[in-house]
Amino acid sequence: MPKLNRIEIRRREAEEAFIALNTYIRAAMGVFRLYCFIVSTTHYPRPELSPNPNYYQTQVDAVNRLVNGNEVDCHEQLRVNRHTFFRLCCLLRGVGLRDSRNVCLEERVAIFLFILGHHTKQRRTKLHFWRSIETVSRHFNVVLLGVLRLFDMLLVRPEPVPPNYHDSRWSWFPVNFVSIVCKSSACLSVVDLVDVVLILAY
């Protein structure tokens, strides 16, 4: 390899120094831009929202929109119509449930039905009803205990299927299958029998 003279060596050193200086300047500019971005996002002026002076009225309007509004909206949100909703409220009043200091019974029942009907979380329900998660949890448990007190009225006790069961609606069931089910230790109801048959069909 031929030796480089002094002029070429100086020129190469100058090129390397220029490349190093250019790289340093680009890195410094990148750090400065990152710093400016962090400062701008940290001190970004957030909009100041004035608090709602009628907060309690907003909570009442949210319940009235469900139970006193459109029939379709009530059924879509609570999975019951308004007539059934108010009948359930009357039944719960009969077992001792009353309005609390800040939440009426209708709102309690609406919270309970909304959680069950949509299998949703209490953290999502609190935004829907403008309540805290502690309020939603407490009133859900209260209504649940009230519904359990109505067990004899709301839940029908299943009747055991006798061995000589001959109903035209279930005549297409195999006789051997019905007899096996009837001889089991826990006699199944007709609804349970249909569920078992559907499971076996699949």
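**View 1. Confidence along the protein chain of this predicted model.** The mean pLDDT (the predictor's confidence in each residue, from 0 to 100) of the protein chain is 77, and 70% of its residues reach 70 or more. Helices here are DSSP runs of H or I with at least four residues, numbered from the N terminus. Confidence is highest in helix H7 (residues 133-149), at a mean of 93, and lowest in helix H10 (residues 190-201), at 40. Residues are numbered from 1 along each chain as its sequence is written. As this is a predicted model, local features need pLDDT of at least 70, side-chain atom pairs count only at pLDDT 80 or more, and totals for chains, interfaces and linings use all residues; side-chain values use heavy atoms, leaving out hydrogens and water.

**View 2. The stretch of residues 176-202.** Please read this part with the confidence in mind: pLDDT stays under 50 throughout residues 176-202. For these residues the model has 27 contacts (heavy atoms within 4.5 Å) beyond four places in sequence.

**View 3. Phe85 with Phe86, an edge-to-face pair.** The structure holds three aromatic pairs (ring centres of Phe, Tyr or Trp, the last by its six-membered ring, within 6.5 Å; planes under 30 degrees apart are stacked, over 60 edge-to-face, the rest tilted). One of them joins Phe85 and Phe86, at 5.4 Å centre to centre with 75° between the planes. Phe85 is buried at 1% relative accessibility, while Phe86, at 30%, is partly exposed (buried is under 20% relative accessible area, exposed over 50%, partly exposed in between, with a 1.4 Å probe and protein chains only).

**View 4. Phe112 with Phe140, a tilted pair.** Here the ring centres lie 5.1 Å apart, with 35° between the planes. Phe112 belongs to helix H5 (residues 105-118) and Phe140 to helix H7, so the pair ties together parts 28 residues apart in sequence. Both Phe112 and Phe140 are buried.

Definitions and conventions:
Helix = DSSP H or I, 4+ residues; strand = E, 2+ residues; numbered from the N terminus.
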